[in-house]
Amino acid sequence: MFEKGRRTRIIFGTLAVLGLILSVFAHFASRFPGDLPASLWFQSFHGQWLLDAMKGISYVTGHWRAAVLVVLVAAIVWRYLGGLEGGMVIISGLVMTANEALKILINRPRPAADLVNVFVAETGKSFPSGHAFFGVVVLGMMAYLIIIHQEKVYLKVLTASVFTVFILWVGASRIYLGVHWTSDVIGGYVVGVPFLMLEIWLYKKLKVGLENKMT
């Protein structure tokens, strides 16, 4: 795996170990130091427009809506970029099952209503944040596929910037709505990146294999 690029292997290993450490601590601690102050700070910003924006992005990227989004985007990607690319979007959606398995194993409760404002009722466990994980493994894969098919540098930068803002917005919404601690969201990002790297590695392998068959 990762035959080329010592730096890539180091990043992968570092994040994988960090994700494991965070997961172990989250199993034994209902929240980390700084989680509560961070949540209260996020929720100190008021405004109906802000609440609606946070609810909107959280709604679109959660539960069955996330699956619908994956299928729709996969169809579009398949149409304009190719079958392999569309298939990779589907695979990135299937990777979400790993996050659900981690949640069950870690078994961390969600923030309590007596500590923070809980604007959206959620069931299930808290660590790692499924929305943050989705942002990295699914939206991150979408961004990668679009970027590598762009020829102009400014379009690559624009795509990366838009998706980065979107991914951060998804994570921030979960803290603001009171359904996750900041450490849950960070955990979703940290655990998600190694999975995204594996997806990219798999895509490159399959791409080379298809190209070799065509020659």
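Q: Which helix gives the largest share of the nonpolar patch?
A: This is a predicted model, and its surface carries a nonpolar patch made of Tyr 59, Val 60, Trp 64, Val 68 and Leu 72, with about 520 Å² of accessible area together. Two helices, H3 (48-60) and H4 (63-80), each give two or more residues to that patch. The largest share, 3 residues, comes from H4.

Q: Is Leu 72 buried or exposed?
A: Leu 72 sits in helix H4 and belongs to the nonpolar patch. Its relative accessible area is 52%, and the cut-off for this class is over 50%, so Leu 72 counts as exposed.

Q: How are H5 and H7 oriented to each other, roughly parallel or roughly antiparallel?
A: The axes of H5 (residues 83-94) and H7 (residues 130-148) come within 8 Å and cross at roughly 165°. The crossing is right-handed. Angles over 145 degrees fall in one class, so H5 and H7 are roughly antiparallel.

Q: Which residue forms a salt bridge with Lys 207?
A: Lys 207 is in helix H9 (residues 182-214), and its partner is in helix H5, 122 residues apart. Lys 207 is partly exposed at 29% relative accessible area, while the partner is buried at 2%. With the closest N and O atoms 3.3 Å apart, that partner is Glu 85.

Q: How many residues apart in sequence are the parts that Arg 108 and Asp 184 tie together?
A: The two side chains meet in a salt bridge at 2.6 Å, N to O. Arg 108 is buried at 0% relative accessible area, and Asp 184 is buried at 0% too. Arg 108 lies in the loop between H6 (96-106) and H7 and Asp 184 in H9, so the separation is 76 residues.

Methods
Residues numbered from 1 in each chain as written. Predicted model: local features only at pLDDT ≥ 70, side-chain atom pairs only at ≥ 80, totals over all residues. Heavy atoms only, no water. Patch = residues over 30% accessible without salt bridge, like charges linked within 9 Å, V, L, I, M, F, W, Y side chains within 5 Å. Areas by Shrake-Rupley, 256 points an atom, 1.4 Å probe, with all protein chains shown as cover. Salt bridge = Lys/Arg side-chain N within 4 Å of Asp/Glu carboxyl O. Helix = DSSP H or I, 4+ residues; strand = E, 2+ residues; numbered from the N terminus. Buried < 20%, exposed > 50% of the residue type's maximum accessible area, 1.4 Å probe, protein only. Axes fitted to C-alpha atoms, helices over the stretch in contact; angles between N-to-C directions. Parallel < 35°, antiparallel > 145°, perpendicular 65-115°, else oblique. Left-handed = near helix turned anticlockwise from the far one by under 90°.
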